[in-house]
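The following paragraphs offer a guided reading of one molecular structure. Please keep the sequence and the coordinates at hand while following the text.

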Amino acid sequence: MTVFEMIIAGEIPGRFVYADDKCVVFATIEPVRPGHVLVVPREPAPAWTDLSADDAAHLFKVAQRIGKAQLEVFDCERIGLTIAGFEVPHTHLHVIPLRLEADLALGNAREADGDALESTMQALRGELENQGLGANVPPSIDSAELN
């Protein structure tokens, strides 16, 4: 079982901002920038190239929705999207508010303060609701449960 499966199952704490039947979005505990989240399929696939075309398209669609909300909430110029997959063998898309292109360097990620992480994710959840995606904002920040 991957660490992401354990987070989705509630065995390890997570801070969720979005959930649907195919994927979830939660904060990374080591963000490059405030607001950095991961879009993760519920069903594990070791690499994004292992996903079906439909599942890959769905993840990118969700990442774009998240990015549009991030633009409204965080002090950034653009939203970056990267897929690396070395740290966990479970596909995940990093969606990162960027000030500079260098903000895409995952090697610059640092452990976040819990209170700061909580507050940034609550702000993102609120913006997703403002953008009409309230049905996909889990009822609790610490659960991948669907509404």
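Leaving aside neighbours within four places in sequence, D142 touches two residues, G14 and F16. The model under discussion is a predicted one. D142 belongs to the segment that follows α3. Its relative accessible area is 51%, and because the threshold for exposure is over 50%, D142 is classed as exposed. A long stretch of chain separates D142 from F26, namely 116 residues, yet the C-alpha atoms of D142 and F26 are 9.2 Å apart in space.

From this exposed position the account turns to the interior. As a general matter, nonpolar side chains in soluble globular proteins tend to be buried together. In this model the largest nonpolar core comprises 25 residues. Within that core, the residues with the most contacts are V17, V25, V39, I66, L124 and L128. At least two core residues come from each of the strands β1 (16-19), β2, β3 (37-41) and β5 (93-98), and likewise from each of the helices α2 (53-73) and α3 (114-130). Helix α2 supplies the largest share of the core, with six residues. Apart from this core there is another, made up of eleven residues, including F4, I7, V24 and V40.

The surroundings of L128 illustrate how one of these core residues is placed. With residues up to four places away in sequence set aside, L128 touches V17, R65, I66, A69, L133, G134 and V137. Two of these partners, V17 and I66, are themselves listed with L128 among the core residues that have the most contacts.

Helix α3 also contains E127. Is E127 buried or exposed? The relative accessibility of E127 is 16%, and since the cut-off for burial is under 20%, E127 counts as buried. Beyond its neighbours within four places in sequence, E127 is in contact with A69, E72 and V73. A69 is thus a partner of E127 and also of L128. As for N147, that residue lies 20 positions from E127 in sequence, with a C-alpha to C-alpha distance of 17 Å.

Helix α2 can be examined through G67, which is one of its residues. G67 has a relative accessible area of 6% and is therefore buried. Outside the four-place window in sequence, the contacts of G67 are I79 and V95. Between G67 and H36 there is a separation of 31 residues along the sequence, while their C-alpha atoms are 9.8 Å apart.

Strand β5 holds L93. With a relative accessible area of 1%, L93 is therefore buried. Which residues does L93 contact once neighbours within four places in sequence are left aside? They are V37, L38, V39, L59, F60, A63, L81, T82 and I83. L93 and D75 stand 18 residues apart along the chain, and their C-alpha atoms are separated by 21 Å.

The cysteines may be considered next. In general terms, a disulfide is a covalent bond between the sulfur atoms of two cysteines. This structure holds zero disulfides. C23 has 0% relative accessibility and so counts as buried. C76, at 15% relative accessibility, is likewise counted as buried, because the limit is under 20%.

The account concludes with the empty space in the model. Rolling a probe the size of a water molecule over the atoms shows where empty space is left. The largest pocket contains about 430 Å³ of space. Its lining consists of 21 residues, and those nearest the pocket centre are F4, T28, I29, E30 and L38. The elements that contribute two or more residues to the lining are α1 (3-8) and β2 (23-27). Of these, α1 gives the most, with three residues. In composition, the lining has 13 nonpolar, five polar and three charged residues. F4 therefore appears twice in this description: as a member of the core of eleven residues, and as one of the residues nearest the centre of the largest pocket, a set of positions defined by lining distance.

Key:
Residues numbered from 1 in each chain as written. Predicted model: local features only at pLDDT ≥ 70, side-chain atom pairs only at ≥ 80, totals over all residues. Heavy atoms only, no water. 1 Å grid on protein atoms, 1.4 Å probe; cavity = no way out; pocket = protein on both sides within 12 Å on 5 of 7 lines; lining within 4 Å. Points joined across faces, edges and corners; volume = space filled by probe spheres on them. Helix = DSSP H or I, 4+ residues; strand = E, 2+ residues; numbered from the N terminus. Nonpolar A, V, L, I, M, F, W, Y, C, P; charged D, E, K, R; others polar. Disulfide = S-S within 2.5 Å. Buried < 20%, exposed > 50% of the residue type's maximum accessible area, 1.4 Å probe, protein only. Core = buried A, V, L, I, M, F, W, Y, C linked by side-chain atoms within 4.5 Å. Contact = heavy atoms within 4.5 Å.
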